[in-house]
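I opened this entry to record what I looked up, starting with the strands and ending with the side-chain contacts.

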Amino acid sequence: MEPVDEGSHSPKYSFCDDGGRPQIENYPDEPKYRPNDNVYIRPTRTTTREGPYRVSSVENRKYTLCDVNGNVVKDGNAFEERDLELKDPFE
């Protein structure tokens, strides 16, 4: 059986030569957040958070944020994943 399409978000899988069970080859290495996700800035080792802001762009797992009007925040500085927290859609 052929691996899952490269464009999908599913991991690749393969069958053993002995007819065994399918195995996961490797998981996709994708950023945790995507553009338009609403996140808070929560620096490591703090309990305070700022925002929510919207993810504007992602490059090398660093995130540039904007406000609801699309204006960049924090002078366009990029944030690490560990310093962001996804906004709960139910709060």
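The entries below follow the sheet, then the aromatic pair, then the charged side chains.

**Entry 1: the model.** I note at the start that this is a predicted model.

**Entry 2: the sheet.** I looked up the strand order. The sheet is open, has 5 strands in the order 6-5-4-3-7, and its pairing is antiparallel. I then asked which strands stand at the edges. They are strand 6 (78-80) and strand 7 (84-86); each has a single partner strand, so one side of each lacks a neighbour in the sheet. I also looked up the twist, which averages 55 degrees from one strand to the next.

**Entry 3: strand 6 to strand 5.** I went through the sheet in its own order. Strand 5 pairs with strand 6 in the antiparallel sense, over 3 bridges. I took one position here: K62 has E80 of strand 6 opposite it.

**Entry 4: strand 5 to strand 4.** Strand 4 and strand 5 (residues 62-66) run antiparallel and are joined by 5 bridges. I noted two positions. R54 has C66 in strand 5 as its bridge partner, and V55 faces L65 in strand 5. Next I looked at the connection. The hairpin of strand 4 and strand 5 has 2 residues between the strands. Which residue of this hairpin takes a positive phi? I found that N60 does, with a value near 55 degrees.

**Entry 5: cover of strand 5.** I checked whether strand 5 is mostly covered or mostly open. Strand 5 is mostly covered, with 4 of its 5 residues buried.

**Entry 6: strand 3 and its two partners.** Strand 3 (residues 38-41) runs antiparallel to strand 4 (residues 50-59), and 3 bridges join them. Strand 3 also pairs with strand 7, again in the antiparallel sense and over 3 bridges. I picked V39 to follow across the sheet. In strand 4 the residue opposite V39 is Y53, and in strand 7 the residue opposite V39 is L86.

**Entry 7: the aromatic pair.** I searched for ring pairs, and the structure holds 1 aromatic pair. Y33 and Y63 form this pair, with 5.5 Å from centre to centre and 70 degrees between the planes. I record the geometry as edge-to-face, because planes over 60 degrees apart count as such. Y33 is in the loop between strand 2 (23-24) and strand 3, while Y63 is in strand 5, so the pair ties together parts 30 residues apart in sequence. I then asked whether Y33 is buried or exposed. Y33 is buried, at a relative accessible area of 4%. Y63 is buried as well, at 0%.

**Entry 8: salt bridges.** How many salt bridges does a search of the whole structure find? The count is 7. I wrote down three of them, beginning with R34 and E30, whose side chains meet at 3.0 Å, N to O. R34 counts as partly exposed at 41% relative accessibility, and E30 counts as partly exposed at 30%.

**Entry 9: R42 and E85.** The side chains of R42 and E85 form a salt bridge at 2.5 Å, N to O. R42 lies in the loop between strand 3 and strand 4 and E85 lies in strand 7, so this pair ties together parts that are 43 residues apart in sequence. Both count as partly exposed: R42 at 28% relative accessibility and E85 at 22%.

**Entry 10: R49.** I followed R49 through two contacts. In one, R49 forms a salt bridge with E91, the closest N and O atoms being 3.5 Å apart. This pair links distant parts of the chain, with E91 in the segment after strand 7 and R49 in the loop between strand 3 and strand 4, 42 residues apart. R49 counts as partly exposed at 37% relative accessibility. I asked which residues the salt bridges with shared partners join into one network. They are R42, R49, E85 and E91. In the other contact, the charged end of R49 sits over the ring of Y40, 3.8 Å from its centre.

Methods:
Residues are numbered from 1 along each chain as its sequence is written. This is a predicted model: local features need pLDDT of at least 70, side-chain atom pairs count only at pLDDT 80 or more; totals for chains, interfaces and linings use all residues. Side-chain values use heavy atoms; hydrogens and water are left out. Two strands pair if DSSP finds at least two bridges between them. Rings of Phe, Tyr and Trp (its six-membered ring) pair if their centres lie within 6.5 Å; planes under 30 degrees apart count as stacked, over 60 as edge-to-face and the rest as tilted. Buried means under 20% relative accessible area, exposed over 50%, partly exposed in between (1.4 Å probe, protein chains only). A charge sits over a ring if NZ of Lys or CZ of Arg is within 6 Å of the ring centre and within 35 degrees of the ring normal. Axes are lines fitted to C-alpha atoms, for helices over the stretch in contact, and angles run from 0 to 180 degrees between N-to-C directions. A salt bridge is a side-chain nitrogen of Lys or Arg within 4 Å of a carboxyl oxygen of Asp or Glu.
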